[in-house]
Amino acid sequence: MVRHVTRATIDDADHYTDEQRAAIIASYPEHEREARAKGIPTMGSGRVFPVAEEVIKISPLPLADHWVRIGGMDFGWDHPFSAVEMVWDKDSDIIYVVNTYRVKNETPVIHSAALRPWGEMPWAWPADGLQHDKRSGTPLKEAYVDQGLNMLHKHATFEDGSNGVEAGIFRLLDRMKTGRFKVFAHLEDWWDEFRTYHRKDGKIVKEHDDLLDATRYAYMMKRHAEPVADQTWREPEIYSDMPR
């Protein structure tokens, strides 16, 4: 049996004028607009990030040499291993997610080979990277050190040593709402997670959130980010032709 989902948006309602559509959309709470006007589903008891995509979505832009960057990764096997590249413009205090990687059922050798072309950068990682691999007996994060990635010495924490999930969520949400967190528009795997990241009975549902976790780890350790100009860096193809 073949199933097909057709999504209709308010723009398909030809009996409304442009002015009427705008008024209808404006009448909805901001975090409900995508669901009610565009048919993008809201799951559970509510989205973790109740922010319209247009608020944080941005076309790829050139990265200034004095901006700093850091990578974040979330380990996984049955659920995907995921990684993001985060760039921080300290002058305007805006953070950009500019690269993503998400693959499951592959080894550190494969993941590292995919990430090395992003260039030399520090990598933030979660506490489970200290767990010992059953085969080698060495900490998981050391497998990536062995493959040439610049793994930070300590797992991801805030400046005060804490690492609470909700604290990271609220700090990122605050940045989203104040225009200080942007994500490149073409990173569909990141947007896919963003759209379905939700709570049930007030608790975050820990499913399909690997890139968002990697984003949070990178954000927590942004104090260790290093200048773009100080690193061997190959620009992603999508904005490699833009002027610097």
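**Exercise 1. The overall make-up**

Task: State how many helices and strands the chain has, and what share of the residues is buried.

Solution: Start with the secondary structure, which comes to eight helices and 11 strands in this predicted model. Next, turn to accessibility: of the 244 residues of the chain, 44% count as buried. Finally, consider the contacts with a separation of 6 or more; 67% of these come from residues 24 or more positions apart.

**Exercise 2. Strand 8 and its partners**

Task: Work out which strands pair with strand 8 and in what sense, then decide whether the residues on its two faces are buried or exposed.

Solution: Take strand 2 (residues 57-58) to begin with. Strand 2 is joined to strand 8 by two bridges, and the two run parallel. Here I58 stands opposite F184. Now look at strand 5 (residues 94-103), which pairs with strand 8 in the parallel sense over three bridges. In this pairing F181 of strand 8 has I95 opposite.

For the faces, recall that side chains in a regular strand alternate between the two faces of the sheet. In strand 8 (residues 181-184), F181 and V183 lie on one side, with K182 and F184 on the other. All of these residues are buried, so both faces of strand 8 are covered.

**Exercise 3. A three-stranded sheet**

Task: Find the strand order of the open sheet that contains strand 9, and name its edge strands.

Solution: The order of this open sheet of three strands is 1-9-10, and the pairing is antiparallel. Its edges are strand 1 (46-47) and strand 10 (203-204), each of which pairs on one side only. Follow strand 9 (residues 198-200) to strand 10 and you will meet two bridges in the antiparallel sense. K200 has K203, in strand 10, as its bridge partner.

Now pause at R199, which also belongs to strand 9. Its relative accessibility is 15%; the cut-off for buried is under 20%, so R199 counts as buried. The side chain of R199 makes a polar contact of 2.9 Å with the side chain of E166.

**Exercise 4. Two helices that cross**

Task: Describe how helix 7 and helix 8 are arranged, and list the residues through which they meet.

Solution: Two packed helices are described by the angle between their axes and the distance between the axes. For helix 7 (residues 188-196) and helix 8 (residues 210-220), the axes come within 8 Å and cross at roughly 100°. Angles of 65 to 115 degrees count as roughly perpendicular, and helix 7 and helix 8 are therefore roughly perpendicular to each other.

Next, pick out the residues. Helix 7 brings D189, W190, E193 and F194, which meet D210, L211, L212 and T215 of helix 8. Sorted by character, the residues of this contact are four nonpolar, one polar and three charged.

**Exercise 5. Positive phi outside glycine**

Task: Say where N105 and H208 are found, and decide how accessible each is.

Solution: Begin with N105, which has a positive phi of about 60° although it is not a glycine. N105 sits in the loop between strand 5 and helix 4 (108-115). Its relative accessible area is 35%, which means that N105 is partly exposed.

Then move to H208, a residue other than glycine whose phi is positive, near 55°. The loop between strand 10 and helix 8 holds H208. With 34% relative accessibility, H208 counts as partly exposed.

Conventions:
Residues are numbered from 1 along each chain as its sequence is written. This is a predicted model: local features need pLDDT of at least 70, side-chain atom pairs count only at pLDDT 80 or more; totals for chains, interfaces and linings use all residues. Side-chain values use heavy atoms; hydrogens and water are left out. Axes are lines fitted to C-alpha atoms, for helices over the stretch in contact, and angles run from 0 to 180 degrees between N-to-C directions. Helices (H or I, at least four residues) and strands (E, at least two) are DSSP runs, numbered from the N terminus. Angles under 35 degrees count as roughly parallel, over 145 as roughly antiparallel, 65 to 115 as roughly perpendicular and the rest as oblique. Contact means heavy atoms within 4.5 Å. Ala, Val, Leu, Ile, Met, Phe, Trp, Tyr, Cys and Pro count as nonpolar, Asp, Glu, Lys and Arg as charged, and the others, Gly among them, as polar. Two strands pair if DSSP finds at least two bridges between them. Buried means under 20% relative accessible area, exposed over 50%, partly exposed in between (1.4 Å probe, protein chains only). A polar contact is a pair of N or O atoms within 3.5 Å; within protein, one must be able to donate a hydrogen and the other to accept it, and residues adjacent in sequence count only if both atoms are side-chain atoms.
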